[in-house]
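Let's take a quick tour of a protein model and see how its pieces fit together. Have a look at the picture first, then work through the points below.

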Amino acid sequence: MKAVICGATRGMGRCLARLLAERHDDLFLLGVPEDDLARSAADLAARSAGASRVGCAPLDLLKPEGIEEALARADEFLGGFDTAILTAGIYATQEALEQDPKLVAALLQIDCASAILFCEAARKRLLARGGGTLCAFSSVAGDRGRKPVVIYGAAKAGLSHYLESLDFRFRGQGLKTVCVKPGFVKTGMTEGLKPPPFAGEPEEVARRVLAALDRGRPVVYAPAPWWAVMAVIKRLPRWVMRRISF
Ligand SMILES: NC(=O)c1ccc[n+]([C@@H]2O[C@H](COP(=O)([O-])OP(=O)(O)OC[C@H]3O[C@@H](n4cnc5c(N)ncnc54)[C@H](OP(=O)(O)O)[C@@H]3O)[C@@H](O)[C@H]2O)c1
């Protein structure tokens with residue numbers, strides 16, 4: 001695999017990048033800040049015992065005008081990437097978002113608008129060379145309107161919807177779209193939040209995502225029980241959703 005990854009400095013993205021490096025895939029990391037990126041690239045190169053080529057370049061999803069140049073640098077370093085992975089994202093509680101319109105704007109930009117712009121730029125490059133794999137981390141929060149994730153859920157719903165449509169439109173042309181829908185996973189993003197039942201570890205999610213990438217599965221819930229949880233939640237009537245706090 002020749003993979004460009006945005007979000008590999010922390011959490012699930014870091015675990016996934018480590019698994020890719022351990023099996024000697026070539027990687028190009030995108031993100032902020034630059035010293036963290038360089039440290040992560042050196043760590044991954046060491047994990048591959050020098051067998052993976054690992055490069056990096058800055059990309060701040062709050063500045064989507066940088067996406068094209070960042071992907072061009074990835075293409076140049078990797079000799080044309082065949083896989084693009086977007087794990088980068090931010091989370092804020094509904095209460096914090098309701099107090100802070102600037103935070104709302106940043107979250108919508110990073111988790112939805114820039115995420116889609118990143119995928120659009122990557123899929124054009126992949127399709128121009130006959131296809132490849134495009135994987136983005138959405139969330140179970142995008143599956144159903146829910147009280148605790150009104151705004152975060154809306155951003156992720158937009159991303160999930162986009163990825164589903166992309167799969168319908170371009171799979172026949174060789175583009176495999178993989179939409180990852182994590183439930184609650186114990187990373188820096190969820191630090192300080194009370195873990196619900198079925199909370200997962202980033203390593204197990206990364207292993208599940210890697211298998212989905214290899215098979216080109218269009219949707220992957222992780223940890224696995226979240227598929228069943230959301231299957232129930234999606235079927236609950238509105239009057240129930242108004243009463244429960246989930
Ligand atoms: N953890 C969960 O329970 C959970 C549940 C559902 C969905 N998700 C989604 O899964 C993905 C990964 O989550 P995680 O828990 O692994 O998160 P994490 O540990 O907080 O890592 C997030 C990554 O996103 C990067 N990032 C944040 N803002 C960025 C920006 N403006 N430009 C570029 N990169 C940026 C971070 O880089 P720096 O910090 O180095 O800047 C970091 O590498 C996210 O999209 C998240 O929404 C997570």
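**Starting with one helix**

Take helix α3, residues 67-78: at 1.5 Å a residue, its 12 residues should span 16 Å, and its end C-alpha atoms are indeed 16 Å apart, so the two values agree. Keep in mind as you read that this is a predicted model.

**More on α3**

- Four residues of α3 are buried: I67, A70, L71 and A74.
- Looking down the axis of α3, you'd find these buried residues within an arc of 95 degrees, so they line one face of the helix.
- Here's the general idea behind that: an α-helix has 3.6 residues a turn, so residues three or four places apart point the same way.
- What do the buried residues of α3 pack against? Their partners are three strands, β1 (2-6), β2 (26-31) and β3 (54-58), plus the helix α5 (101-128).
- Right after α3 comes G79, and its phi is positive, near 70 degrees.

**A second helix, α7**

- Helix α7 covers residues 202-215, which makes 14 residues, and from first C-alpha to last it reaches 20 Å, close to the 20 Å expected at 1.5 Å a residue.
- Its buried residues are P202, V205, A206, R208, V209, A212 and L213.
- Seen down the axis of α7, those residues stay within an arc of 165 degrees, so they too line one face of their helix.
- Flip to the other side of α7 and you'll meet A211, D214 and R215, which are exposed.
- The cover over the buried residues of α7 includes α1 (11-22), β4 (83-86), β5 (132-137), β6 (175-182) and β7 (219-222).
- G216 follows α7, with a positive phi near 70 degrees.

**The nonpolar core**

- The largest nonpolar core has 66 residues, and I5, L27 and A136 have the most contacts inside it.
- Helix α5 gives this core its largest share, seven residues.
- Which residues does I5 touch, leaving aside neighbours within four places in sequence? I5 is in contact with G13, A17, L27, L29, L30, I85 and T87.

**Zooming out to the whole chain**

- Count up the protein chain and you get nine helices and seven strands.
- The chain's radius of gyration is 17 Å, close to the 18 Å that the globule rule gives for 246 residues, so it is as compact as a globular protein of that length.
- Along the principal axes, the C-alpha atoms fill a box of roughly 55 × 40 × 35 Å.
- Buried residues account for 40% of the 246 residues.
- Of the contacts between residues at least 6 apart in sequence, 68% join residues at least 24 apart.

Definitions and conventions:
Residues are numbered from 1 along each chain as its sequence is written. This is a predicted model: local features need pLDDT of at least 70, side-chain atom pairs count only at pLDDT 80 or more; totals for chains, interfaces and linings use all residues. Helices (H or I, at least four residues) and strands (E, at least two) are DSSP runs, numbered from the N terminus. The radius of gyration is taken over C-alpha atoms; the globule rule is 2.2 Å times the number of residues to the power 0.38. A residue is buried if 20 or more other C-beta atoms lie within 10 Å of its own, exposed if 12 or fewer, and partly exposed in between; C-beta atoms are placed from the backbone. Two residues are in contact if their C-beta atoms, placed from the backbone, lie within 7 Å. The expected span of a helix is 1.5 Å times one less than its number of residues. The arc is that of the directions from the helix axis to the C-beta atoms. A nonpolar core is a set of buried Ala, Val, Leu, Ile, Met, Phe, Trp, Tyr and Cys residues joined through C-beta atoms within 7 Å.
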